[in-house]
Amino acid sequence: MSPQRIVLCMKWGTKYGPEYVNRLYGMVRRHLRGPFRFVCLTDSDQGVRKEVECLPLPTLDLAPGADRGWPKLTTFKADLHGLQGRALFLDLDVVIVGDITPFFEQPGQFFIIKDWKRPWRVTGNSSVYRFDIGAHADVLQHFVEHQAEVRARHRNEQEYLSHALHAQGKLAYWPAGWCRSFKYHCIPRWPTNYWREPIIPEGTRIVIFHGEVNPPDALAGRRNRRFRAMRPARWVAEHWTD
């Protein structure tokens, strides 16, 4: 029997409102074949649609100044609210544009996005990762017991996570075309970015927004860095809906 499929996301604080969770659920529902559970680990369920299972955000005692991504490590708890099965973690600001069923079917223990800009590095991008719940509790436990050492050696959670699982021989990367960077792969090269709209590269399943552009910015044709022009990505309105 195939393991239960769980789509996980996290929301805390005020940076992302409930509409991000609702739209992410809508995209998953449209692009994932077969039954699944959609779970949001959060400090507030206000405004979140009823189809989403909101569970308390696991606690992680972080030292002051820690990178925002470290709480993702709590998804590796040995007992994550009693959940069982195979989990696909998605950042709230991704845009799903194709079938994501294969993300659950790919054989392997742990998958993460290969770094686009520095592909020779072990470190992956944790906007989309997959694991079996409870299988990597040692990675979280090591961080809890050696936080100062880990943070001194690794810049953020995805660097630590990638290196820890690489050392165990469990790390694998998604096929290159599945997860594409909006910044690197969708915005046309200069100077055509002044008149050509951003594209969805062929074969893309999930567009990752990182750095200075998020989905609302892309839709408005707005970049948060000077001298970086971009036309509106009108396709965001088609896909980024609940």
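Biologist: Is Asn-193 buried or exposed?
Modeller: This is a predicted model. Asn-193 sits in the loop between H6 and E10. Its relative accessible area is 7%, and buried means under 20%. So Asn-193 is buried.

Biologist: Which backbone oxygen does the side chain of Asn-193 reach?
Modeller: A polar contact needs N or O atoms within 3.5 Å. The side chain of Asn-193 meets that limit at 3.0 Å. The partner is the backbone oxygen of Ala-229.

Biologist: Which residue is joined to Pro-191 by a cis peptide bond?
Modeller: Most peptide bonds are trans. Here omega is about 5°, and the bond is cis. Pro-191 is in the loop between H6 and E10. The residue joined to Pro-191 is Trp-190.

Biologist: Is Trp-190 buried or exposed?
Modeller: Trp-190 lies in the loop between helix H6 (182–186) and strand E10 (206–208). Its relative accessibility is 67%, and the cut-off for exposed is over 50%. Therefore Trp-190 counts as exposed.

Biologist: What is the area of the nonpolar surface patch made by Trp-190, Tyr-194 and Trp-195?
Modeller: Patch residues need over 30% relative accessible area. Trp-190 has 67%. With Tyr-194 and Trp-195, Trp-190 makes a nonpolar patch of about 480 Å².

Biologist: Which residues form the positive surface patch with Arg-228?
Modeller: Arg-228 is in the loop between helix H7 (215–220) and helix H8 (235–239). Arg-228 counts as partly exposed because its relative accessibility is 36%. The other residues of the positive patch are Lys-117, Arg-118 and Arg-155.

Biologist: How far from buried Glu-159 is the nearest side chain of opposite charge?
Modeller: Glu-159 is found in helix H5 (residues 157–167). The nearest side chain of opposite charge belongs to Arg-155. A salt bridge needs the atoms within 4 Å, and Glu-159 has none. The distance to Arg-155 is 4.6 Å.

Biologist: Which side chain makes a polar contact with the side chain of Glu-159?
Modeller: Glu-159 is buried and has no salt bridge. The side chain of Glu-159 does make a polar contact, at 3.3 Å. The partner is the side chain of His-154.

Biologist: How many residues apart are Glu-53 and Arg-37?
Modeller: Their side chains meet in a salt bridge, 2.7 Å from N to O. The pair links distant parts of the chain, with Glu-53 in strand E3 and Arg-37 in strand E2 (residues 37–42). Glu-53 counts as partly exposed at 28%, and Arg-37 does too at 26%. The two are 16 residues apart.

Biologist: Which helix holds both Glu-149 and Arg-153?
Modeller: The two side chains form a salt bridge at 3.8 Å, N to O. They are four residues apart, about one turn of the helix. Glu-149 is partly exposed at 41%, whereas Arg-153 is exposed at 59%. Both lie in helix H4.

Biologist: Which residue forms a salt bridge with Asp-217?
Modeller: Asp-217 counts as buried at 6% relative accessibility. The closest N and O atoms of the pair are 2.8 Å apart. The partner counts as partly exposed at 39%. That partner is Arg-222.

Biologist: What is the phi of His-81?
Modeller: Most residues other than glycine have a negative phi. His-81 has a positive one. His-81 is in the loop between E3 and E4. Its phi is near 55°.

Technical notes:
Residues numbered from 1 in each chain as written. Predicted model: local features only at pLDDT ≥ 70, side-chain atom pairs only at ≥ 80, totals over all residues. Heavy atoms only, no water. Patch = residues over 30% accessible without salt bridge, like charges linked within 9 Å, V, L, I, M, F, W, Y side chains within 5 Å. Areas by Shrake-Rupley, 256 points an atom, 1.4 Å probe, with all protein chains shown as cover. Lys, Arg positive; Asp, Glu negative; His and termini not counted. Charge placed at Lys NZ, Arg CZ, Asp CG, Glu CD. Buried < 20%, exposed > 50% of the residue type's maximum accessible area, 1.4 Å probe, protein only. Polar contact = N/O pair within 3.5 Å; in protein donor to acceptor, adjacent residues only side chain to side chain.
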